[in-house]
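The following exercises ask the reader to examine a structure and to reason from its parts. Each task is followed by a worked solution.

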Amino acid sequence: PGAPDGGLLAGLGGLINRFQESGQSDIIKSWIGTGQNLPISASQLGSVLGPTVIKALAAKTGLSEQELTAQLSQILPGVVDKLTPNGQLPTHS
């Protein structure tokens, strides 16, 4: 059985798509690029990820949806930054 929402976000590419679709591509580009990471608020992140993903992640972690988005908004910029050390998406090679 597949995870909800296509493996929650179907990886980094899915996350980037969510940011682009919600009009937050400048933020995700700053995390991927080599410059300063722009901040994201918990409410912005909630809008980007959407209620289905937020509910699923909250259920998996045992956090409230508010706690989850607050913590993710602090952690996610650094995670994406570390996953893209050269300012580019990792490749399979």
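**Exercise 1: Aromatic rings**

A search of the whole structure, which is a predicted model, finds one aromatic pair. Determine which residues form the aromatic pair and how the rings are arranged.

Solution. The pair consists of Phe19 and Trp31, whose ring centres are 5.2 Å apart. The angle between the planes is 70°. Because planes over 60 degrees apart count as edge-to-face, the pair is classed as edge-to-face. Phe19 belongs to helix H2 and Trp31 to helix H3, so the pair ties together parts that are 12 residues apart in sequence. Both Phe19 and Trp31 are buried.

**Exercise 2: The nonpolar core**

State how many residues the largest nonpolar core has, and which helix supplies the largest share of this core.

Solution. The largest nonpolar core has 19 residues. Among those with the most contacts inside this core are Phe19, Trp31 and Val80. Helices H2, H3, H4 and H5 each supply at least two of the core residues. The largest share, seven residues, comes from H4.

**Exercise 3: Helix H5**

Locate the bend in helix H5 and identify what the buried residues of H5 pack against.

Solution. Helix H5 spans residues 65-83 and bends by about 35° at Ile75. A proline, Pro77, follows within four residues of the bend. In H5, the buried residues are Leu68, Thr69, Ser73, Leu76, Pro77 and Val80. The buried residues of H5 pack against helices H2 (11-21), H3 (25-32) and H4 (42-61). Val80 touches Leu12, Leu15, Ile28, Trp31 and Ile32, leaving aside residues up to four places away in sequence.

Conventions. Residues numbered from 1 in each chain as written. Predicted model: local features only at pLDDT ≥ 70, side-chain atom pairs only at ≥ 80, totals over all residues. Heavy atoms only, no water. Bend = angle between axes of the 7 residues up to and from the residue. Buried < 20%, exposed > 50% of the residue type's maximum accessible area, 1.4 Å probe, protein only. Contact = heavy atoms within 4.5 Å. Core = buried A, V, L, I, M, F, W, Y, C linked by side-chain atoms within 4.5 Å. Phe/Tyr/Trp six-rings, centres within 6.5 Å; stacked < 30°, edge-to-face > 60°.
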